[in-house]
Amino acid sequence: MADFELRAYQKEVVERALNRENVIIWLPTGGGKTRAAVYVAKRHLESTTNAKVMVLVNKVHLVDQHYNKEFEPHLGDHYKLMKVSGESEEKDFFGIVVKSNDVIICTAQILYNALINKEEAKHIELSDITLLIIDECHHTHKESVYNKIMRCYIEKKLKGQRPIPQVLGLTASPGTGGAKTLEGAVEHVLEICANLDSVIVSTKNYTPELEEKVPRPKKTFDIVEKREEDPFGDHIKWMMKQIHEYMNLPSDVRLRECGTQEYEADVVILEQRGVRENNRLLAQCALHLREYNDALLINDTLRMMDAYRSLEEFYNAKLTTAIDGTDYFLVGIFQENQVELKNFATNHRFENPKMAKLESTLLSQFGPDVNSRGILFSRTRRSTHCLHDWVLKNRTLQNAGIKAAILTGAGNGITYMTQHEQADTIRNFRKGLLNLLISTSVAEEGLDIPECNLVVRYGLLTNEIAQQQASGRARARDSQYSVVAQKGGREVRRELINEYLEELTGKAIDRVQIMSEHEFRRKINELQTHAIIMSKVLEDRKTEKKNKYPASRIRILCRNCFAQVASGNDFRLLENAHYVNINPDFKNHYKLGGKVALERHFEDWEPGCTVSCNNGNCNKDWGFEVKYKKVAQLPNLAIKNFALETPDGRVTVKKWKDVPFMVEEFSFQLYCEANFPDMFD
């Protein structure tokens, strides 16, 4: 086993954890929190009979990172380690994995599933664990999976049930929980401490050493004057006005300024109202207005052609799916103005000045003979793709030696990355084959990315936690943290507010740390008792909501064409994850599209083809088929693509957990008896 020493400030923050206290370690990004946790784990394994260390992370890619970079190199020679995520087969017999290993590194969801699963091979108890390490532990709040696990822990603690594991939380940024005052921020920090049943520790005696190890970057505001002329944006706003007039806005509706996130929120609510009131004209106009608003937001941040293309893609799909006069009107408006929009978008005289400022910011750190590394943070997956395209086509940036790649969250879909693509991108960045990552917030937190000398936040409005995480990526000496924004714009205001909130977080932690032991424990117990009572109340309310209507009284409608396609009692919950329609007649309502490709393989099911509405020209995407146990071909549907007709009117929900009726669990035996009766004769 490779032995290792901690720096003085790391020794200071692990001291109480080595005395078996529950502790949250608060150190900045790059301060070596994970290394400190490995040290605590090592000492715990050496000094505890039947020790069992569980390391929880909140993102799949962090499982490999913690295993490969920290825990395995330092503990692998003397102890048995196992990494488990939703992508690994070990999750299917997690209980056995835990019994036969000393250190388990897994996503939090894996542990939570194991705590509530009663199947012996998959189940474990909290009492099986002796040390529970929680990475990025500031996520332990509300209904996060971290908090669900810790709620099980708190319940046991309050009932006096033992043994329970020692807890070690790691965070660079607890935040203020939205509070703007010191009292509110103190309350938030105490809540995090209560949720983790831990004290919060930071270095007090070795701050200079920490500042030497983790230098703060030089912050610059790269300010851009407002566009003098924006005929492209003005023309889109004129087109939106035509739609406002056509849709005859209800008298009680006041839409806020076009091209803002507030306007987007308004039209989302308007679309929901249209669906509820059986007013397809209102619903469809709201959907199209959202696309135009997206184009304005893109035009404000990226190139005019990026905004134009987003509209072109949307309307190319709509051309073949028009089903009534509203659709023909909306498609017609775009077609009539398409040439004019494209002419504006290709006129470089009106190009977005932020792009020129971004170019000069990058060139301040990159050059043909300069060894630089940077991360460019942007808000959406689409914007990262547009910025990557811009870098590739920009001759000046190419001559400066910029080798860029996209880094976005993992998932399924064209704009998502697979886990392997993420890993390859980070590996190439580490090796120096790439020197600029264009990233969404996925690179802000947790990822072990090499020291950068430039971090740019571009077109972002986020909280103080995200700002601290992003700033912490600029770790090289004399590094620069740049905010590219319009003069007097919201990004600058938000950045300044975040600076204040970051300072407020530090003051709140100081205040918590100087509380007397008695006062701290009294407050923590009070918060824990209140949290458990509130979780029971919320659970009862959820059950009450679920039982509001019998499933048979709910009619399911396509959200686009409003055709009735199913009943609530046609649905079953498969493996606690997939909501499938088991009615054989349902296949008359949908058609199949392309095959769905998922990177992961699953124990009992595999994805089939996409399914969409078969009503005339509708083609609304609904979900995809799954093949269960190689026999049952079942449509797996996203409820956000439907409307629910209840006895009290029509409603829409985003997620299945919010439907006002109970969905029974899927029974494979009953399904086979109904669909293959000959097998049971």
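A salt bridge is a side-chain nitrogen of Lys or Arg within 4 Å of a carboxyl oxygen of Asp or Glu. The views below show a predicted model, and a search of the whole structure finds 46 salt bridges.

**View 1. A salt bridge between K536 and E155 links distant parts of the chain.** The closest N and O atoms of K536 and E155 are 3.3 Å apart. K536 belongs to helix α20 (residues 517-546) and E155 to helix α6 (residues 145-158), with the two positions 381 residues apart in sequence. K536 has a relative accessible area of 43% and is therefore partly exposed. E155 is also partly exposed, at 22%.

**View 2. D266 and R256 form a salt bridge.** The closest N and O atoms of this pair are 2.9 Å apart. D266 lies in helix α10 (residues 261-276), whereas R256 lies in the loop between α9 (231-247) and α10, so the contact ties together parts that are ten residues apart in sequence. D266 is buried, with a relative accessible area of 13%. R256, at 46% relative accessibility, counts as partly exposed.

**View 3. D306 and R309 meet in a salt bridge within helix α12.** The N to O distance is 3.8 Å. Both residues lie in α12 (residues 304-318), three residues apart, or about one turn of the helix. An α-helix has 3.6 residues a turn, so residues three or four places apart point the same way. D306 is buried, with a relative accessible area of 4%, while R309 is partly exposed at 33%.

**View 4. A network of salt bridges links five side chains: E187, E519, R522, K523 and E526.** Of these residues, E187 falls within residues 14-192, where UniProt places the feature "domain: Helicase ATP-binding" in an unreviewed entry. Over residues 14-192 the chain is 42% helix and 16% strand. The end C-alpha atoms of this stretch are 19 Å apart.

**View 5. F586 and Y590 form a tilted aromatic pair.** The count for the structure comes to 13 aromatic pairs. In the pair shown, the ring centres of F586 and Y590 are 5.4 Å apart and the angle between the planes is 50°. F586 and Y590 are both buried.

**View 6. Y628, F666, F668, Y671 and F676 form one aromatic cluster.** A pair of aromatic rings is described by the distance of the centres and the angle of the planes. For F666 and Y671 the centres are 5.7 Å apart and the planes stand at 45°, so the pair is tilted. F666 is buried, with a relative accessible area of 13%, and Y671 counts as buried at 11%. One of the cluster members, F668, also has a lysine over its face: K629 lies 6.0 Å from the ring centre.

**View 7. The charged end of R650 sits over the ring of F562.** The distance from the charged end of R650 to the centre of the F562 ring is 5.0 Å.

**View 8. Helix α11 is largely enclosed by the rest of the structure.** Helix α11 covers residues 280-301. At 1.5 Å a residue, its 22 residues should span 32 Å, and the end C-alpha atoms are 32 Å apart, which agrees. Of the 22 residues, 17 are buried, and the helix is therefore largely enclosed.

**View 9. Helix α15 has several buried residues, including W390.** The helix runs over residues 381-393. Its 13 residues should span 18 Å at 1.5 Å a residue; the end C-alpha atoms are 19 Å apart, in agreement with that value. The buried residues of α15 are S383, T384, C386, L387, H388, W390 and V391.

**View 10. Cysteines in a structure that holds zero disulfides.** A disulfide is a covalent bond between the sulfur atoms of two cysteines. The sulfur of C193 has its closest cysteine sulfur in C137, 8.8 Å away, which is too far for a bond. C193 is buried, with a relative accessible area of 0%. C561 is likewise in no disulfide, and the nearest cysteine sulfur, that of C558, is 3.8 Å away. For a disulfide the sulfur atoms must lie within 2.5 Å. C561 counts as buried, at 14% relative accessibility.

Technical notes: Residues are numbered from 1 along each chain as its sequence is written. This is a predicted model: local features need pLDDT of at least 70, side-chain atom pairs count only at pLDDT 80 or more; totals for chains, interfaces and linings use all residues. Side-chain values use heavy atoms; hydrogens and water are left out. UniProt positions are given in the numbering used here, feature names are shortened, and annotations may be inferred rather than shown by experiment. Helices (H or I, at least four residues) and strands (E, at least two) are DSSP runs, numbered from the N terminus. The expected span of a helix is 1.5 Å times one less than its number of residues. Buried means under 20% relative accessible area, exposed over 50%, partly exposed in between (1.4 Å probe, protein chains only). Rings of Phe, Tyr and Trp (its six-membered ring) pair if their centres lie within 6.5 Å; planes under 30 degrees apart count as stacked, over 60 as edge-to-face and the rest as tilted. A charge sits over a ring if NZ of Lys or CZ of Arg is within 6 Å of the ring centre and within 35 degrees of the ring normal.
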